[in-house]
Amino acid sequence: MLVALAATSMVALAFLIPLAIVTKKAAYDSALSEAEKQANALTPALLITTKPQEIRQAIRSTRYGGQQRLAVHISTPAPNTYGTSHITAANLQDAQNLAKASTLERPDGVAYLQPLATSANGIVIVEAFVPREQLTHGVIGTWWALAGVAVGLVAGSVLVADRLGARAVRATRALAEGARRMGQGDLSVHVPVKGPPELKEVGKAFNAMAERVRHLLAAEREVVADLSHRLRTPLTALLLDADTLGRGPGADRVREAVQGLEREVDEIIKAARSGLQPDNAGVDAAGVVRERLVFWSALADDQDRPWTIRGADRPAHVPLSRTDLTAALDALLGNVFRYTPEGTRFAVTLVHQADLVALVVEDAGPGIANVEHALRRGASGGGSTGLGLDIARRAAESTGGSLHVDRGPLGGARVQMRLRRR
């Protein structure tokens, strides 16, 4: 609409300004043409008579004469003026010397001076006066009419542009709404294929893309579920083998670890089947930290690792599922046990702030030489999958937070999961 308004306005102005000038000039020329006709109307009378009374009668018989706008200036036998004159003697003398038709601008109008040579009166100057308002008669009304036509044209073009653009706007808004819903996780979105041909093509491509994404995600979920389900066979064998170990702290830890692994596999299958939808209920991070430290403390005692926990005595609700937070914390603690020598001290701290909870895992090991490389998904310098820090990073970013890795007070690596509160 703005483009149509600007373009039509420029076109209207390009025509209106010249038309306005032409209209004014036409009115001016028309008024002078009428004055010339009124002056020429006296020519027959001036050619056939020299009597003042007859000349006055001839002047009064014209329209300009009745309006006191017509005069006759006679130079011989004696200078005399009949009618109503609006010029000075000097103006009259200039007109006699010029000896041809001319116009004279006056403050109140324009005088048309027509010389006429007669045998009895010599050079006669016929003066027809046109008032200033007569020179622009009808100009203002014409200008208003032109302005009305221009406004109508501009309004019509804007209306047409609005109607033409409405189809494109509606189709574009439908595409934007579909993209927004898809970005929020609604994979069932389908946009209507309408609008101009280009937008129809975009709509078809969007729907095809959404359909392919749905198929790909469904296939991925099935693959994850199938792979996880295939782990049940070796897990069942491990459980049977653990039962043959008898009683004792070592056997109990093996059985507990196998049972924990089985629970994790069940959670993976359940999450894959449900479409990996996030758990909106959230979880108490302090409770998860206490629970996982109970699990890892047994292995820490076996390896003579001193450990401390701080800040887990206060609730810290974060918008993460228990499974995701557990997986992230286990990945960080698993890195401590995997990449530091036995006997290395570690600490887990919960830092409570108004808008976030920082879950900090630090150790007294050698640290991480290349932090950027370690944060890269699938990159590992120790022969592992390289997904541990990436799991923690994705969990933190899903809450609107972040993951930071640096060297901590214990001398080794310090990993901070900054989790935004709900």
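**Confidence.** I began with the confidence of this predicted model, and found that the chain averages a pLDDT of 84, with 91% of the residues scoring at least 70. I then went through the elements of the chain, where helix α10 (residues 249–273) has the lowest mean pLDDT, 72, and strand β9 (residues 346–352) the highest, 95. I keep in mind that predicted coordinates should not be read in detail where pLDDT is low.

**The annotated stretch.** I looked up the UniProt record, an unreviewed entry, which places the feature "domain: HAMP" at residues 166–218. For residues 166–218 I noted 75% helix and 0% strand, and a separation of 37 Å between the end C-alpha atoms.

**Aromatic pairs.** I went on to the rings, and noted that the structure holds three aromatic pairs. In one of them, Phe295 and Trp296 meet edge-to-face, with 5.6 Å from centre to centre and 85° between the planes. I checked the accessibility of both partners: Phe295 counts as partly exposed because its relative accessibility is 30%, whereas Trp296, with a relative accessible area of 12%, is buried.

Trp296 also pairs with Phe337, and I recorded this pair as stacked, at 5.1 Å centre to centre with 25° between the planes. What does the pair of Trp296 and Phe337 tie together? Trp296 lies in helix α11 (residues 285–302) and Phe337 in helix α12 (residues 322–339), so the pair ties together parts that are 41 residues apart in sequence. I noted that Phe337 is buried, as is Trp296. I then followed the rings further, and found that Phe295, Trp296, Phe337 and Phe346 form one aromatic cluster.

**Charges over rings.** I next asked which charged end sits over the ring of Phe337. The residue is Arg305, whose charged end sits 4.8 Å from the centre of that ring. Elsewhere I noted Arg69, which lies over the face of Tyr64 at 3.9 Å from the ring centre.

**His352.** I ended with His352, which is found in strand β9, the element with the highest mean pLDDT. Is His352 buried or exposed? I entered His352 as buried because its relative accessible area is 19%, and the cut-off for buried is under 20%. I looked for a polar partner of the side chain of His352, and found that it reaches the backbone oxygen of Gly311 at 2.8 Å. Leaving aside residues up to four places away in sequence, I listed Gly311, Arg314, Pro315, Ala316 and Arg421 as the residues that His352 touches.

Note on methods. Residues numbered from 1 in each chain as written. Predicted model: local features only at pLDDT ≥ 70, side-chain atom pairs only at ≥ 80, totals over all residues. Heavy atoms only, no water. Phe/Tyr/Trp six-rings, centres within 6.5 Å; stacked < 30°, edge-to-face > 60°. Buried < 20%, exposed > 50% of the residue type's maximum accessible area, 1.4 Å probe, protein only. Helix = DSSP H or I, 4+ residues; strand = E, 2+ residues; numbered from the N terminus. Lys NZ or Arg CZ within 6 Å of the ring centre and 35° of its normal. pLDDT = per-residue confidence, 0-100. UniProt positions renumbered as here; feature names shortened; annotations may be inferred. Polar contact = N/O pair within 3.5 Å; in protein donor to acceptor, adjacent residues only side chain to side chain. Contact = heavy atoms within 4.5 Å.
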